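Hi everyone, thanks for having me. Could you pull up the structure, so we can walk through a few spots together?

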Amino acid sequence: MPETASTTRAPDALLPSLAPLLHEWLPRQRWFAGKGRRVTGFTLDAATELLPLDGAGPGLLHLLVRVEQPGRPAGTPADCYQLLLGVRTQLPPRLAPALIGRIRQGPLAGRAVYEGLRDPRLAGLLYERLRTPGRTGPLRFHATTALPPALAPRMLDAEQSNSSLVFGDSFILKIFRRVSPGANPDLELPLALAGAGCARVPAPVAWFESGASTLGVLQPYLRDSRDGWRLALDALADGREFTTEARALGRATAEVHLALASALPTRRLARAETEQLAAAMDRRLHAAAQAVPALLPHVPGLRAVFAAASGGAAVQRIHGDLHLGQTLRGSDGGWAVIDFEGEPAKPLDERRSPQPTVRDVAGMLRSFDYAARTHRPWNADWASRCRAAYCTGYAEAAGVDPRADPALLRAYETDKAVYEVLYEARHRPDWLPVPMSAIERLAAPL
């Protein structure tokens with residue numbers, strides 16, 4: 001059987017044998033969203049052998065596994081994760097760091113199970129599968145263009161909420177780890193932007209899905225570019241201004257917003273809907289304060305910020321999680337915007353809902369502040385100048401200054417800071433003082 005061929009079966013006996021390994025391995029992954037909550041079991045949504053497991057050679061098993069954890073809100077389904085597991089009788093020493101464990105019982109007893117994306121042979125198989133649109137069991141593969149064969153894969157170590165593979169420095173494949181029914185905006189929006197002729201976003205060239213869930217997206221890899229976060233930190237380290245770059249980034253953001261507004265529906269919120277948005281921010285603040293007690297003294301001030309944002313607003317599809325790390329500057333000086341997935345912790349329906357564009361602007365303003373706060377000594381004026389330049393650039397391209405509604409902008413910046421507090425408390429406690437300093441500023445009376 002050629003290596004790009006596949007078989008599919010439902011190994012009901014496999015999950016019980018894998019469960020002891022997953023109990024130990026899954027909660028340690030950076031992309032595991034249920035940290036801090038006990039794992040009580042697993043449910044198999046789908047199992048597909050992308051490379052047969054029979055025999056001594058490597059097999060590649062694609063799993064969609066629901067993780068059962070107590071304490072979820074009533075009616076909320078368990079989180080579903082996408083796993084790509086390699087299976088071998090003998091694991092080569094070069095793959096030892098990828099080992100998850102050895103199965104003790106069941107149909108694969110004695111076999112080694114490992115992170116399949118770290119095996120170049122298996123990662124290459126996934127790329128070859130993307131090159132050939134079609135179906136394998138529940139998995140459907142799509143491509144918009146002919147892709148070159150046999151590009152060498154490498155897995156990026158900077159994993160966050162997902163995993164990424166680069167093929168031949170030509171394409172990058174994002175593997176969504178926590179999947180939900182519905183088109184992922186990281187596929188949906190770049191496709192819409194490509195259709196609108198917006199060159200600020202790399203257009204998807206291939207993707208795969210199962211049912212209504214997007215599982216992975218392949219896009220051009222902008223190898224000669226550097227991300228905005230690193231460029232900003234370099235500027236701070238060198239004592240340089242970043243206002244020229246920030247202004248150009250503001251224009252790029254506005255161009256993306258204008259293209260999304262031309263490709264997808266827009267509308268204006270009624271006052272009652274704006275109040276519902278403020279109420280949702282208040283609920284997120286309440287939940288975050290329960291998890292991070294340091295927020296509690298600031299809750300009254302933050303609630304006042306949300307209550308002040310009571311006017312109507314225009315809404316459309318936006319990036320949803322815009323910050324310096326989601327931007328790339330090429331060798332020609334032009335900015336590109338990437339990673340349209342939105343805030344991964346939020347439900348997919350919420351991430352796909354139209355929002356005021358000022359939410360993206362607020363995210364970027366927080367990012368300038370974040371960069372300045374992580375540098376010593378703290379340069380608050382540097383951040384202020386970047387924030388102003390960014391808004392100026394945005395207004396030049398959009399024709400609307402995001403500072404025209406200061407109450408709404410402050411509310412979204414506050415909502416973002418609350419999100420950051422919860423994220424840092426869970427994943428990077430050493431960074432918690434960074435968003436907390438913004439919380440103190442935003443909660444203070446004007």
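I'll start with some backbone oddities and then turn to a pair of helices.

Quick housekeeping: this is a predicted model, where local features need pLDDT of at least 70, side-chain atom pairs count only at pLDDT 80 or more, and totals for chains, interfaces and linings use all residues. Residues are numbered from 1 along each chain as its sequence is written, and side-chain values use heavy atoms, with hydrogens and water left out.

Okay, the backbone. Most residues other than glycine have a negative phi, and most peptide bonds are trans. Now look at Arg376 and Pro377: the peptide bond joining them is cis, with omega about -5 degrees. Pro377 sits in the loop between helix H9 (358-373) and helix H10 (380-398). By the way, helices (H or I, at least four residues) and strands (E, at least two) are DSSP runs, numbered from the N terminus.

Next, Asp169 isn't a glycine, yet its phi is positive, about 55 degrees. You'll find Asp169 in the loop between strands E9 (162-167) and E10 (171-176). Asp339 also has a positive phi of about 55 degrees, and its loop runs between strand E18 (335-337) and helix H8 (348-351).

Are these two buried or exposed? Asp169 is partly exposed, at 31% relative accessible area, and Asp339 is partly exposed too, at 25%. Buried means under 20%, exposed over 50%, partly exposed in between, using a 1.4 Å probe and protein chains only.

Last stop: H11 and H12. Which residues meet there? Among them are Arg410 and Glu413 in H11, and Pro435 and Met436 in H12, where contact means heavy atoms within 4.5 Å.
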